[in-house]
Amino acid sequence: MGTSFGRGGATTFQQDLQHADCIVIQGSNMAECHPVGFQWVMEAKARGAKVIHVDPRFTRTSALADLHVPLRAGTDIAFLGGIVNYVLRNDKDFREYVVAYTNGPMVVSEDFRDTEDLDGVFSGLDPDTRSYDNESWQYAGTEVRAASGKGDQEYEERTGGGSTVTDAARGESHGSGGAAIPEGEPERDETLTHPRCVFQVLKRHYARYTPEMVERICGVPQDIFRQVCELVTDNSGRERTTAFAYAVGWTQHTTGVQYIRAASVLQSLLGNIGRPGGGILALRGHASIQGSTDIPTLFNLLPGYIPMRHAHRQETLDSFVAAEAAHKGYWGNMRSYLVSLLKAYWGAAATEENEFCFDYLPRLTGSHSTYETVMAQLDGICKGYFLIGENPTVGSADAKMQRLGMAELDWLVVRDFSLIESATWWKDGPEIETGEMRTEDIGTEVFFLPAAAHTEKDGTFTNTQRLLQWHHQAVQPPGEARSDLWFAYHLGRIVREKLAASTDEMDRPVLDLTWDYPTRGQIAEPAAEAVLAEINGHDAQGEPLASYEQLKDDGSTSCGCWIYCGVYADGVNQAARRRPGREQDWVANEWGWAWPANRRILYNRASADPDGKPWSERKALVWWDEEKGLWSGHDIPDFKADRSPHHRPPPDATGPDALSGTDAFVMQADGKAWLYVPSGLTDGPLPTHYEPQDSPYPNLLYGRQRNPVRQLLPPHPDNRYQPSGTEPGAEVFPYVATTYRLTEHHTAGGMSRWQPYLAELQPEFFCEVSPELAAERGLEHTGWATIVSARGVIEARVLVTDRMPPLTVHGRRLHQVGLPYHWGPNGYSTGDAANELLHMSLDPNTHIQETKAFAVDIRAGRRPRGPAAPELVRAYRTRAGIDEHTGTEL
């Protein structure tokens, strides 16, 4: 969504779902995994909205929907592309919205070639590097360079100096959005008839995504698919809006980013972005998942989605900004955001003379995702590892590889509530049982430190709708359990004390840090509210800032995360506000605080027509008040409040000043929603259907089976890929498996499998299979099944259920296997880990694993024990003809 609209966060908020006329939940089991937010889906249904659930399984969400659409896992782009084709073929788009607020009228370079021209790839593919050169994807008449995408390769061209790092991942900076258009204006055709305008390119790209093709690829009958198309389009337009909600069922694929892009294309064509009851709601897990990307635990981003700097030898603050900032839109102010961040980090030590300590920032030499880190452990490069709120030996793909990597470490620190599997694998992990590892041979020194729960500390959660909510400490943490804030602060304090006498310049970034926070109590807990105030920022006089509009690039302001600026406005903790809903309107902007600037619906300028009038009174949100010369309405305008709809900037304007009065997408350099992405993604400007890495079926649309630029990890004997489609050996793994979450357990189980009540509710790992598959493979309800892939073998109790309906795909019967992924061998409720089966083939933009669609075999009975378990996996590999080259084809 960052590449499509300019920000990576949800475009709307959960309470606004009540105003939708149709809600499509896809890639999520919202009723069970986000039950608090699901109440607003039920509110919408009570008001007459239609609810559609698209999912391989029939779940509690399906039971409450008007229509459940079972489809083959891993085929959502074909499904969504089919709806896009229906919209374009039947003139169901919201034409005025498309012309005014999207890049549909932009004319694409005559050098661009689509997947329709090149049988499944776009122009610019380099087969040797497995990457795209996006030069031919640009608009005619100008050149687009994104703040994400391939900025590292283009560094020298964009800055006129320095050197490049070609092995550096940049596509995952999608949250940054933004694009630079250095010269001229793109050629436009507002009639949308030019053969190379984006609108016509879309038409050609999706022309073969017909109901017939959707049925053959996805297994969705044509009559059901047409019903979905009609419900979505009939409930979109000037008077009505449709909302989409998704979760990791979309993101965890080798084309996961393009899944979300497909929804963005559809919602933009239908005019559903920025409007009440519309938008795309990214259901971002629980608690502070959104916050962990805003103020990131991600290797490639700085707070507020500023890209991490790369190891360019001659890079300066000015050249970094020149390379990464946009000419137009709010990313044009990146220097102010970055300098204010540097002042928050290094305070008085950050001066104009030393470029505000810009050189203190670490530099990337490539991708450092969790999976590259595993390979670095195995190669002896990564010597130490902190695990904080993570249980990779259960929760990450190819869990065996995680354990093998940690066995090569010098030291490992695990902070958690309980002795999770990632703390004890060295003595009781699966490889100890099979004899593949021996405790006495493992040199890793493991430290376990007990962690405090969220109820035992102050702080904020940033949830799925960008909403910061303050939570107060309820009880003291028991024993030696400590909060994450306590751990980080005191670790830093001790390191700084040990380095205090150092004269080594390498130690200055640590010694110059602003690291003075008030503490309280016997354990010297740092004041979380002081940290929030630092994140909010202050001016030269130390007064709290109220808006990121106040940030300066001269060092006079400090701000730890520019998108959070305003959360401590007036010296008041805005995240702690709790004004009851009955005392305010439905936007409820006095409950907590949402980034940015407490706006609840992003891009809400698009809720009004180009003249500033609501598209309809029924869907009014913000509007231009000519008499006052201001934008008014229910929400805070996502726009300069005094900018007239008729404003046109002077030709030399830059940054926010270059936005016109109709540029609704203020983070984009052209002010438009991107139906087509000229730069910013590593795997193509338009969503395209590819089969998952391991699939029993060939790609019916193209000769290209898999995403050609998917990220493959270096060959390793325990990360083998499988043959797919018509390749010899694919029949050895004939079934599609998908993983999912249960209400009673949480992620890798560290918070739930140690709770007796939750363990009683879901006591054992199980697999869901249809009665037909049970009969085919001799599986008995509540009996045992063994599930095998090229990576591992697990066992599960059998749940025979109609919730996993078989589908007809490519003219033959397909059975799917459902696997909840919460289990491991520790705790009250135990079982094998589903992620033992997964490969490490990743989305090239985000480095996210493909957990939601992979091929397996299933058979009756319990799995082998001891050395016989890996021997069974080897036997399957032999039958399928698997070696280090299998599945690595372009």
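Pro596 sits in the loop that runs between strand 19 (593–594) and strand 20 (622–625). The model shown here is a predicted one, and this loop is a convenient place to enter it. The peptide bond between Trp595 and Pro596 is cis, with an omega of about -5°. A second backbone feature belongs to Ala588, a residue in the loop between helix 23 (528–536) and strand 19. Ala588 is not a glycine, yet its phi is positive, at about 55°. Most peptide bonds are trans, and most residues other than glycine have a negative phi.

From these local points the view can widen to the chain as a whole. The domain assignment divides out domain 1 (1–106 + 192–287), domain 2 (607–664) and domain 3 (711–880). Domain 1 is thus written as two stretches of sequence. Annotation from UniProt can be set beside this assignment. In an unreviewed entry, UniProt lists "domain: Molybdopterin oxidoreductase" at residues 15–417 and 449–487. The span 449–487 is 10% helix and 28% strand, and its end C-alpha atoms lie 10 Å apart. The unreviewed entry also places "domain: Molybdopterin dinucleotide-binding" at residues 737–854. Residues 737–854 are 11% helix and 30% strand, with 5 Å between the end C-alpha atoms.

How do domain 1 and domain 3 meet, and how many residues of each are in contact? On the side of domain 1 there are 26 such residues, and on the side of domain 3 there are 28. The C-alpha centres of the two domains are 28 Å apart. Between domain 1 and domain 3 about 2,200 Å² is buried, and carbon and sulfur atoms give 57% of that area. Within domain 1, the residues that lose the most area to domain 3 are Arg57, Gln252 and Thr254, which together account for 29% of what that side buries.

Arg57 also takes part in a charged pairing. The rule finds one salt bridge across the interface of domain 1 and domain 3. Arg57 forms a salt bridge with Glu768, and their closest N and O atoms are 2.8 Å apart. Polar contacts between domain 1 and domain 3 come to 10 residue pairs, counting those with both residues at pLDDT 80 or more. On the side of domain 1 that touches domain 3, the elements giving two or more residues are helix 2 (30–33), helix 9 (211–218), helix 11 (248–251) and helix 12 (256–269). Helix 9 gives the largest share of that side, with four residues. Sorted by class, the side of domain 1 that touches domain 3 has 10 nonpolar, 11 polar and five charged residues.

Salt bridges can also be followed through the structure in general, which holds 48 of them. One salt bridge joins the side chains of Arg240 and Asp21, at 3.5 Å from N to O. Arg240 is in the loop between helix 10 (222–234) and strand 8 (242–246), while Asp21 is in the loop between helix 1 (2–5) and strand 1 (22–26), so the pair ties together parts 219 residues apart in sequence.

Key: Residues numbered from 1 in each chain as written. Predicted model: local features only at pLDDT ≥ 70, side-chain atom pairs only at ≥ 80, totals over all residues. Heavy atoms only, no water. Domains from an automatic or database assignment. Contact = heavy atoms within 4.5 Å. Buried area = accessible area lost by both parts, 1.4 Å probe. Salt bridge = Lys/Arg side-chain N within 4 Å of Asp/Glu carboxyl O. Polar contact = N/O pair within 3.5 Å; in protein donor to acceptor, adjacent residues only side chain to side chain. Nonpolar A, V, L, I, M, F, W, Y, C, P; charged D, E, K, R; others polar. UniProt positions renumbered as here; feature names shortened; annotations may be inferred.
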